[in-house]
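Me: I'd like to learn how to read salt bridges and burial in a model. Can you walk me through it with an example?

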Amino acid sequence: MERGLILLVAAALMAYVAPGVQGTFHLSFSNNTEVNITRDGCGATKLCVETPNDCDPSATNGSCLFGSVMASTPMPPNGANLNMELRGFSEGYVALGLTADQSQGTTMLFVCAQNSSNNGSFFFRTMQRNNTNGVLTPLERIVREIRGMVNVMVNGSVIKCEFEIPNANASRASREVSTTFQVLLGTGPVVGNMIGDFRIAVNTTLLNLGNPTSTNVATTANPVAMTTNSASNGAHPHAVLFLLSVLSLAVMLRA
């Protein structure tokens with residue numbers, strides 16, 4: 001009984017190692033590691049958002065921050081599959097966010113980053129952004145067919161990635177499907193294994209991601225960082241509750 005109790009507590013501690021560190025069971029990587037992002041199909045087969053306007057994501061250098069999405073036919077109540085492309089220049093990460101309302105609620109943030117402590121190798125994270133205060137927390141959102149590359153340069157890196165988001169749905173109604181989101185593009189730092197503040201460079205109006213010709217009426221640039229990433233501010237509440245539950249179970253087993 002005591003041996004089982006020790007293993008149970010050990011497993012709990014392994015499940016929560018440090019704030020901001022999340023499991024990767026929700027992420028699956030493609031066997032095809034080639035990343036080829038161009039403007040081909042923009043406005044015809046895929047919806048494209050970028051800054052500066054009409055910049056070239058296939059360039060080997062330069063500051064083009066580019067995102068594109070190609071959506072499948074929505075299937076109620078699950079949603080639509082979104083095939084995403086993201087390219088940008090950063091010393092830490094580039095990210096694409098999807099939200100139904102950027103002024104409130106939350107944003108799903110898909111982060112393509114470089115690990116500076118491991119020769120600039122590529123890694124991928126999913127985060128949730130609080131739209132009121134900008135705080136980031138880990139989000140275990142399923143993402144498939146991830147592939148990425150990092151081209152390390154003198155003052156930063158060109159980071160490119162492609163991935164698929166299954167069952168995306170902007171509607172809160174259980175039997176409705178909407179692919180209308182605001183799209184956010186931006187960059188940020190990576191400190192150790194922590195995703196730092198997300199600096200918004202592009203914030204679109206509501207776009208129908210299923211329509212490649214959907215018009216972004218007023219793209220705005222905002223290089224000012226939001227509040228400090230909450231992932232560095234101690235333990236997350238859900239992790240504390242989890243550990244308390246395990247300790248309660250331990251007491252019951254010993255009794």
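Here is a walk through the salt bridges, and then one strand residue.

Me: Before we start, what kind of model is this, and how are residues numbered?

Reply: This is a predicted model, so local features need pLDDT of at least 70 and side-chain atom pairs count only at pLDDT 80 or more, while totals for chains, interfaces and linings use all residues. Residues are numbered from 1 along each chain as its sequence is written, and side-chain values use heavy atoms, with hydrogens and water left out.

Me: How many salt bridges does a search of the whole structure find?

Reply: The general idea: a salt bridge is a side-chain nitrogen of Lys or Arg within 4 Å of a carboxyl oxygen of Asp or Glu. Here the search turns up five. One of them joins E50 and R39, at 3.2 Å from N to O. E50 sits in strand β2 (residues 47-51) and R39 in the loop between β1 (27-29) and β2, 11 residues apart. Strands are DSSP runs of E with at least two residues, numbered from the N terminus.

Me: What else does R39 form a salt bridge with?

Reply: With D54, where the closest N and O atoms are 3.6 Å apart. D54 lies in the loop between β2 and β3 (65-71) and R39 in the loop between β1 and β2, so this pair ties together parts 15 residues apart in sequence. Put together, R39, E50 and D54 form a linked network of salt bridges.

Me: Which of those three are buried, and which are exposed?

Reply: Go by relative accessible area: under 20% is buried, over 50% is exposed, and in between is partly exposed (1.4 Å probe, protein chains only). E50 has 11%, so it counts as buried. R39 is partly exposed because its value is 25%, and D54 is exposed because its value is 59%.

Me: Where does the pair E85 and K46 link the chain?

Reply: E85 is in strand β4 (residues 80-90) and K46 in the loop between β1 and β2, 39 residues apart. Their closest N and O atoms are 2.8 Å apart in a salt bridge, and both residues are buried.

Me: And away from the charges, what is M153 in contact with?

Reply: Contact means heavy atoms within 4.5 Å. Leaving aside neighbours within four places in sequence, M153 touches T60, N61, F89 and V158. M153 belongs to strand β9 (residues 143-153), and it is partly exposed because its relative accessible area is 30%. F89 is 64 residues away from M153 in sequence, yet their C-alpha atoms are 9.7 Å apart in space.

Conventions:
Helix = DSSP H or I, 4+ residues; strand = E, 2+ residues; numbered from the N terminus.
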